[in-house]
Amino acid sequence: MESSARLEIMDAILYDVPTTVIERQLSDEIIGFKPSDLLTHLKQNNWYNELAMNWIGWPKTEVEGTEVEVAEYLNKLADFSRSVLGDLPCSPQKRVYSGKYANTAPLSHSVRNPDIVIVDSKVEEATKNASWAQIQGVGGLKCNVSDPLSNTLEQLAQYVGLCYGHQYDRRFVMTFGIFNTNVSVYYFDRSGVYVTETFDAHAKPELFLRVILGLLFANSSSLGYDPSFTSEIVVENKKEIQKNYVTVAGSRLEIIDVINQDCVIRGRGTMCLKVKDENGNILVVKDSWVDQSRRDKEFELLAKVVGVKGIAQLVKHEHVKVNGKPDDTSTVRAFMMETIDWKGKLVERWTTDQKWIHFESIELRDHYRISMTPFGDSLEDFDSLEELVLVGKDIVEAIEMLHKRKILHRDISMKNIILAKDKERGTLRRGVLIDLDYALDLSKPRTSTAKGDRTGTLPYMAYRLLIRHSKEEQDYYHDLESLLYIYCWICCTFSGPHAEPRFTDEFTYEGSQISKWCARDVNTYSRDAVGTAKGLIMVSGLQFHESFVPEMAPYFKPLVSFLQGMRKVLFPPESRSYPVPDEYMRPVERSSEDVFASFKAEFDKSLMSLRQKPSPYTPSASNVSVGGSANRQTVQERLPYIPKMRNLIKQDDSVHLRRANDSAEAAVRSALDKSGGTSKTLNKAGLAASMSASQAAPSTAADSDTASKVLDSGSHATDAKNKMEAGNSVGSSLSRKRRAMSPGVNTSLQLKRAKKDKEKQVADE
């Protein structure tokens, strides 16, 4: 299986599940008929030969390329069955199988070619191809009797991911695989996947009918669609348009746009919608599947910060119900805990069999939905350096207010900060902190078994939290450190406001310092390696100037002192005096009031400097907003050109990071050895380059709550002369030994040349 699909479900697969589960998921009541009664009619009308025990006219599934023939046979079987059964109240729409997409991919950015799909008959009759938003089910077709856990599972998982990514009302997806004449059912939901035993379609015709016709005849909610999403046709300006709605705690909200939608299978599956209530107010609806083991629910934490500026405000919340029952992933797995008679053997729990060794480690999830305010723009859509810094100060104050209420956010990242309009600021917007999914209520006692002791979005996580041997518990100053990394990311990946991209002759993402903050290949990277890469440039001011500052875009150069100021608060230099002054004490050694005051002071100094002397650098003139939000180019218009940050590795609770291999460990150790005096400083700070064996499996509470996605970043190039700019900030009092460590900054002559180069660059620009 491919890494992304494998990481999502590899330790959440239940296979060889008894076919009795099919009778529960597609019961007679759900599918609207009794297979035994229907089979009697089929025998009488030469569809099934009881003596030979085979289906008459069965297509040649033993050869390749018969997808269209198989789909046509199944549709003819369904049409005859409809003529016998009459109108089916459970399914007002007519679904059909289609095999034409085996050679022509459905409309989307993906080139996946599913063997067989289920679509509405009107969609199939239309001349254009269906999109993934219209595909209601998928099936795999193999010409030989193969293992249902082989490539078929991987392929179906990829198709299910596309369904989730294009259908915001999908709760689960039920699929099937036909291996010559054998059939297996695959059930995907937010907790993983189960695969039934294979059965022979000829030997068990009733079960075959239950699967093949059940997927066509069952109602939409039984196929995984959420009935709380509705639509209707209305007439506006003499035109018929379709309006879509979602219900939250009894309130019917009109869907305006999809802000974010995860394409993952296992995990929270978070989706955010821009909606409008009956009074015309714009709200945000967040729909997600929350691990039942989590002690703190987001709506509970939001209720504690009502009225606090800079933090999203709760409007309504609910545990989503389907058919009057709370929606979760435990219902379908509930009978697995019951006493069952399987293959003549009475077992109390399936976990007694090695096939379900992971059963109890698979998380169960509840379906929650909340509505919030305000709606805002992405952080990367900032208008100016002043707004960017001012928004950051808002977030620091929000973190401080959470801290006073004994709440720890734990996931400060680019996507969790929005820009909201504020009447008090005019054109400048306010920073608002969102997404308390991973937040902790510190007023409750901590337990060693709580999942996710260390969590966050990998590129922005505090480096000590990524080091295996670090004993630090996640605290407020780690959230502040995440904010520093956000600024670093912006200063390197963008060339200006509104996600203005770095051009190929200016910057190369691959090989840059921040590229090391992302585990691009889970087989060769680990949290240890990412933590080490961050620590190498953050702990030492010299290393920060030499390694990171040259990679900053020219537009953000006025923020160098600002970044250094934040860095010094978090990573103060070693003191040579006693008692140790406050500015030389680590945040853990200082009071939170002092740390927040020092941190906000850096923002105030930067704002004062920016207002007195605006940045001399500007990105391309055509991309600079001069009239405020009215002229702002949307981030979506620039997405094809910027690093795909939505694919950054996420420390979520659905997937576990794997152990890095020996070559990665050797590379990290080599980097530490070559850093000379810096390695000594890093060792004192608690850095360790050894790879974590516990990351291979969720054996500890800290490791059991992580998830991975593969980074899909753009390709850029490097401006070589940026590397010389580091000399501008290096003091002339450096010792000879420290100069020798730094190529390009080891003589006063080179310092002067670097300064002249920078002055010339400023003049040219």
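# Salt bridges, cores and a sheet

At a relative accessibility of 4%, Glu-363 counts as buried, because that word applies to anything under 20% relative accessible area, whereas exposed means over 50% and partly exposed lies in between (1.4 Å probe, protein chains only). The structure is a predicted model, in which local features need pLDDT of at least 70 and side-chain atom pairs count only at pLDDT 80 or more, while totals for chains, interfaces and linings use all residues. Residues are numbered from 1 along each chain as its sequence is written, and side-chain values use heavy atoms, with hydrogens and water left out.

## Charged pairs

The partner of Glu-363 is Arg-365, and the closest N and O atoms of this salt bridge are 3.3 Å apart; the term requires a side-chain nitrogen of Lys or Arg within 4 Å of a carboxyl oxygen of Asp or Glu. A search of the whole structure finds 35 salt bridges. One of them joins the side chains of Arg-369 and Glu-318, with 3.7 Å from N to O. Because Arg-369 lies in strand β21 (residues 365-373) and Glu-318 in strand β16 (residues 313-319), this pair ties together parts that are 51 residues apart in sequence. Strands here are DSSP runs of E with at least two residues, and helices are runs of H or I with at least four, both numbered from the N terminus.

In another pair, Arg-429 meets Asp-377, with the closest N and O atoms 2.7 Å apart. Arg-429 sits in the loop between β24 (417-420) and β25 (430-433) and Asp-377 in strand β22 (residues 377-378), so parts 52 residues apart in sequence are tied together. The table gives the accessibility of residues in these pairs.

| Residue | Relative accessibility | Class |
|---|---|---|
| Arg-365 | 0% | buried |
| Arg-369 | 0% | buried |
| Glu-318 | 18% | buried |
| Arg-429 | 3% | buried |
| Asp-377 | 27% | partly exposed |

Salt bridges with shared partners also join Arg-268, Lys-286, Glu-298, Lys-415, Asp-435 and Asp-437 into one network.

## The sheet with β22, β24 and β25

Strand β22 also belongs to an open sheet of 3 strands, whose order is β22-β24-β25 with antiparallel pairing; two strands pair if DSSP finds at least two bridges between them. The edge strands, β22 and β25, each pair on one side only. Between the antiparallel β24 and β25 there are 4 bridges, and Ile-417 stands opposite Leu-433 in β25. Helix α12 (residues 385-404) packs on the sheet, where α12 touches β24 and β25, and the direction of α12 makes about 40 degrees with that of β25. Contact means heavy atoms within 4.5 Å, and the axes are lines fitted to C-alpha atoms, for helices over the stretch in contact, with angles from 0 to 180 degrees between N-to-C directions.

## Nonpolar cores and helix α4

The largest nonpolar core has 87 residues, of which Phe-556 and Leu-563 touch the most other members; such a core is a set of buried Ala, Val, Leu, Ile, Met, Phe, Trp, Tyr and Cys residues joined through side-chain atoms within 4.5 Å. Helix α14 (residues 476-493) gives the most to this core, with 13 residues. A second, separate core of 78 residues includes Leu-42, Ile-178, Tyr-194 and Leu-213.

Leu-42 is also one of the buried residues of helix α4 (residues 35-44), together with Pro-35, Leu-38 and Leu-39. These residues lie on the same side of α4 because they cover an arc of only 105 degrees around the axis, the arc being that of the directions from the helix axis to the C-beta atoms. Their cover includes α3 (28-31), β2 (48-49), β3 (54-55), α5 (67-85) and α8 (205-212).
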